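Subject: Structure for your review

Dear colleague,

Please find below the structure that I am handing over to you. My notes on what was found in it follow directly after.

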Amino acid sequence: MFIDVPTGLRDFDLIRNLIKNSALTLCFLSLLFVIFTALEMWRYVATVEDGAYLLGKYLVLLLPFVIVNMVPPAAMVGMLATFAIKSRQNELVTWASAGQSAYRLLAPCLVVVLLAGAGNWVFQETVLPWANRAQEATRLVIKNRGAPVVADTRRWVRRGDRIYRFHSASDNETADLRCPGCVSDVRVFELDNNAVMRTSYHSDVGRWAAGRTELSGNIERYGVNRGTIVPTLV
């Protein structure tokens, strides 16, 4: 099984060349992506204090996104380059004369790309979410000329025939033990069978408890009368 190891032919040689060519292609494509991104962000960086540091941080945090998206084309180009080189060196003709089919030659390549796809999926599910949030926050700071960005805390949730809109709790509100799990500025929109709003509720504070929505504070109720939203009694 391992008779070809000293001569560097067949499976081990294919795997080595495929990994080398794919890695070189991945580095080249990632470098192009990073260069064009840096040129695009430079107009914002030039007007920001410590702009070079922010740009470098942004590009580093952007690398996981670039790698995840560039691995598939890099593997494809690496495989094409590997077999193109083998063809020019007449190795494919020799292998075919020795009785090796094209499917047998593709078998080690298939194993490599399957392992690369599995690793790419694990990387996407673990590292990429955190890196995307961090690079998005850094990009907003750069485009905001270095000023801190106020995050939008509004959240939208649909459950059954209702749509909920609320503001997620801040750190101080989360630490308030008097109302655990509470959110502020709650809007509840009730829909009819045609997905048209029929009633809406507005309240200062609300929470989800025991399978039901609890509203508190100043509560207002609005209904739809002939296409017009009018306040009604709670």
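With which residue does Asp13 form a salt bridge, and how far apart are the closest N and O atoms? The partner of Asp13 is Lys86, and the closest N and O atoms of the pair are 2.1 Å apart. Asp13 belongs to helix α1, whereas Lys86 belongs to helix α2 (residues 51-88), so this salt bridge ties together parts that are 73 residues apart in sequence. Please bear in mind that this is a predicted model.

Both partners can be placed with respect to the surface. Asp13 has a relative accessible area of 5% and counts as buried, because the limit for that class is under 20%. Lys86 is likewise buried, at 5% relative accessibility.

Further salt bridges

Nine salt bridges are present in the structure. Lys86 takes part in another of them, with Glu91, where the closest N and O atoms are 3.4 Å apart. Glu91 is buried too, with a relative accessibility of 16%. As general background, side chains of opposite charge can pair when their charged atoms come close.

A salt bridge also links Arg207 and Glu214, with 3.2 Å between the closest N and O atoms. Arg207 is partly exposed, at a relative accessible area of 31%, and Glu214 is partly exposed as well, at 27%. Returning to the pairs described above, salt bridges with shared partners join Asp13, Arg16, Lys86 and Glu91 into one network.

The overall fold

The protein chain contains five helices and seven strands. Read from the N terminus, the order of these elements is α-α-α-α-β-β-α-β-β-β-β-β. The chain has 234 residues, and 29% of them are buried. Of the contacts between residues at least 6 apart in sequence, 51% join residues at least 24 apart. The accessible surface of the chain amounts to about 15600 Å², and carbon and sulfur atoms account for 62% of that area.

Helix α1 and its nonpolar patch

Helix α1 covers residues 10-45. The helix has 36 residues and spans 50 Å from its first C-alpha to its last, which is close to the 52 Å expected at 1.5 Å a residue. At Leu39, α1 bends by about 30°.

Leu39 is also one of the residues of a nonpolar surface patch of about 630 Å². The other residues that make this patch are Phe28, Leu31, Leu32, Ile35 and Phe36. Phe36, located in helix α1, is exposed, with a relative accessible area of 57%. Its class follows from the cut-off, because a residue counts as exposed at over 50%.

Strand β1

Is Arg154 in strand β1 buried, partly exposed or exposed? Arg154, which lies in strand β1 (residues 154-159), is partly exposed, with a relative accessible area of 40%. Leaving aside neighbours within four places in sequence, Arg154 is in contact with Arg165, Phe166 and His167. Ser168 is 14 residues from Arg154 along the chain, and the C-alpha atoms of these two residues are separated by 6.4 Å.

When you open the model, I would suggest viewing the parts in the order given here.

With kind regards

Conventions
Residues are numbered from 1 along each chain as its sequence is written. This is a predicted model: local features need pLDDT of at least 70, side-chain atom pairs count only at pLDDT 80 or more; totals for chains, interfaces and linings use all residues. Side-chain values use heavy atoms; hydrogens and water are left out. Helices (H or I, at least four residues) and strands (E, at least two) are DSSP runs, numbered from the N terminus. Buried means under 20% relative accessible area, exposed over 50%, partly exposed in between (1.4 Å probe, protein chains only). Contact means heavy atoms within 4.5 Å. Accessible areas come from the Shrake-Rupley method with a 1.4 Å probe; for residues, only the protein chains shown count as cover. Patches are made of residues with over 30% relative accessible area and no salt bridge: like charges are joined within 9 Å, nonpolar side chains (Val, Leu, Ile, Met, Phe, Trp, Tyr) within 5 Å. A salt bridge is a side-chain nitrogen of Lys or Arg within 4 Å of a carboxyl oxygen of Asp or Glu. The expected span of a helix is 1.5 Å times one less than its number of residues. The bend at a residue is the angle between axes fitted to the seven residues ending there and the seven starting there.
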